[in-house]
Amino acid sequence: MTTTSRPLDGASGAPAIELRSLVKSFPPRRGSQDTEVRAVDGIDLHIEPGEVVAFLGPNGAGKTTTLDMVLGLTEPTSGTAEVFGRRPREAVVGGHVSAVLQTGGLLRDLTVRETVRMIASTYVAHAPVDEVIDRAGLTLLAGRRVSKCSGGEQQRLRFALALLPDPRLLVLDEPTAGMDVTARRDFWDTMHEDASAGRTVVFATHYLEEADAFADRIVLIAGGRIVADGTTAEIRSQASGRTVSATLPPGSVAESVARLRTVEGVHDVVERGSRVVVTAADSDAVARLLLLDLGGTDLEIVTAGLEQAFMTLTGDGRDLDAEKELVR
Amino acid sequence: MNATFTLLEMRRITRDWAGMFFTAVLPAFFYLIFGATVDAKDATIGNGNVAMYVMISMAAYGAVTATTSIGGNAAVERQQGWGRQLGLTPLADSSYIAMKALIAMTVAAVPILLTFALGAATGARGSAQAWALSAVLCLVGSAVFAVYGLLVGTAFRSEAAVGAASGTMVIFAFLGNLFIPLSGALLTFAKFTPLYGYAALARYPLTEGYLPDGSRDPLWLPIVNVLAWLAVFGVSAVLLVRRGRERQ
C-alpha cells in the first residue's frame, strides 16, 4: 500500500477535458419503429484544470453518455474526447481520472472495506484503503455488507473508490440521484470537505440547486447538445429576464409577433391564442410597445425564476442558438 | 495476476454454502449412482475399469458445471453495473478473464477431488499415470467452460444466465458421451460438440482413445475439438465483455 504523490504532468497546458464535435448514436431498439437515437449530437467543450463544472439538464439529455465517453466507457460515434491531452482509457489507466457513476454496480456480498481493497488492488499506486474510507465517512461501516448499506451509504462507497487513485479529474454522474434530502446534504458536505485545491470536478445533475451551490460553471445540456455554457452568475442573469404577456386585438397577432421578435433583448415570443408571451431582458420596453403601439390589453409582467430560465433553455428546441449566444 | 482481487473473489464464493454444495456434491452423487453401484463397474476399459471411466466423466461434468456457473455469475455481476465500475480502473479485460478463470478452476478442483476420492474408495481402478493425468486434464480443460459461462451469461444478460449456462451443460454432457455411451450417427455428431473433446481428452490416459462401442478416436480429435471451442468461446467473450462496459 503506497500513497500517491504524482507530479502534475500535463498541468502545464493540456485541458482537463477537451471534447470536439462529439457524437454518440445508438441503434434503434430491436422491433421498434424508431430510427437511430442520437444521445449526444455534436458537443464541443473545453474544461481547464481546477474548474468545478456542472452538467445540468433534464433526464435523457445526454449527460451520462457524454461522461461515459470522457471516461472511456463508450467510444464516440464520431468526434474526439481527450482527458489531460490523453485518450480517456489511457487517463483512466494512469489514475488521472476517476468517477462516481449513477448506476455503478457494487458486489452485494462484499463488505465496504473488502470492496475498497478489491478496487485498490487494480491500481499500481493508490491512496491507503483506510484513508479513503475515512475521507468518505465510512469508517464505522467498514465491516458492513454492501447489501445492508443504504443508497446514500453505497454512494459514499463509490466516492471512496473514486478517491483511490487520487485523481486530478473527478467525474460525478448524478451522485445524489435517489437520495433523500438529508443524505444529499451529507454527500455534498463530504464532497466540500474533500474539494482539495486543484482537483477538477465535473458532475451531472438535474437539480438546479446542486449546480448552483457547488459549481463555478454550468453547462446546460438538452437534446444531446449544449444549450448554454457560462458561470453560475451568467446563468443566473438569464433568470433576471422577465416574462411580459398581453392580449392583442384580433387579426393583429401574427404581425405583432413578427415585430416583437425584432426588438433587441427579446429572446422568446410565444403565441397562445390571442395572447402573446414575451421573454425579454428589458420588460419595460416590451410593455410600452405592447400597450402603446400594438393595442395590447390585460398586461402582466412576471419575474422568471432560475427554474424558469432552466425550463426555457432546456424545455424545447426553439431559438436555442440565439439563447446560447446570449449567455456567452 | 492480482492476488488481493483473486482472494477476495474466492471469499465471496466460499460464503455461498448452498451453491458450493450443489456444485461439488451432485457430481459425486451421480458417480455413486452411475459408476460405483452398476454391475459392469469392474469390466476392463483400457488401463482401468468402468468405474474409473464413469468417475472421470462425472468429475469432468462437475468441473464444467462449476466453471460455467462462476463464469455466468461473473456476467450477471457485470450487467448489474460492476463491469462499469471495473471499467473505471486500470484492470485490463484479459486480466479480469484470467482471474475469473483461475477462480473457476480452483472451485472446479473441489468436485474433481471429491469424485476421485469416492472413486478410490469404491473400486475405481486404473494405472497411476491414468489417475494423475486424467485429474489434471479434467481441471485444466474446465477453464474452457469458465469462458463459456462468461459468454452465455454476457449474451443473456440476466439472472437467468447462470441457470441457462448450467442447464445447457446437461445437454452437452449427454452429447459429449458423459452420461450414456453413444454410437452411430449420434456419436459422429457428438464429436463436434463442446464437451466431447474435453471429456475424451480427460479419459484418454485411461482409454487411450477407445470408446465403449469399440471404435477408437485418434488423439488429435479431442485436442482439435477443445482448441476450436476455446477459440470460439474466447474470441466471443472478449467481444461481449467490451460491450458490457457500455451502458445499455
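Just after helix 6 of chain B, B:Asn177 adopts a positive phi of about 70 degrees. Keep in mind that this is a predicted model.

Let's look at the helix that comes before that residue. Helix 6 of chain B runs over residues 160-175, and its 16 residues should span 22 Å at 1.5 Å a residue; the end C-alpha atoms lie 23 Å apart, which agrees. Its buried residues are B:Ala161, B:Val162, B:Ala165, B:Ser166, B:Met169, B:Phe172, B:Ala173 and B:Leu175. They cover an arc of only 155 degrees around the axis, which puts them on the same side of helix 6 of chain B. The spacing fits a general rule: an α-helix has 3.6 residues a turn, so residues three or four places apart point the same way. On the other side of helix 6 of chain B, you will find B:Ala160 and B:Ile171 exposed. The cover over the buried residues includes these helices of chain B:

| Covering helix of chain B | Residues |
|---|---|
| Helix 3 | 50-87 |
| Helix 5 | 128-156 |
| Helix 7 | 184-190 |
| Helix 8 | 194-207 |

Now to the interface. Chain B and chain A bury about 2,800 Å² between them, with 56% of it on carbon and sulfur atoms. B:Trp82, B:Arg84 and B:Leu88 supply 25% of the area that chain B buries against chain A, more than any other three residues. The contact draws 23 residues from chain B and 31 residues from chain A.

Across this interface there are 4 salt bridges. A:Asp109 forms a salt bridge with B:Arg12, their closest N and O atoms being 2.8 Å apart. Helix 3 of chain B gives the most to the side of chain B that touches chain A, with 8 residues.

Methods:
Residues numbered from 1 in each chain as written. Chains lettered and ligands numbered in written order. Predicted model: local features only at pLDDT ≥ 70, side-chain atom pairs only at ≥ 80, totals over all residues. Heavy atoms only, no water. Helix = DSSP H or I, 4+ residues; strand = E, 2+ residues; numbered from the N terminus. Expected span 1.5 Å × (residues − 1). Buried < 20%, exposed > 50% of the residue type's maximum accessible area, 1.4 Å probe, protein only. Arc of directions from axis to C-beta. Contact = heavy atoms within 4.5 Å. Buried area = accessible area lost by both parts, 1.4 Å probe. Salt bridge = Lys/Arg side-chain N within 4 Å of Asp/Glu carboxyl O.
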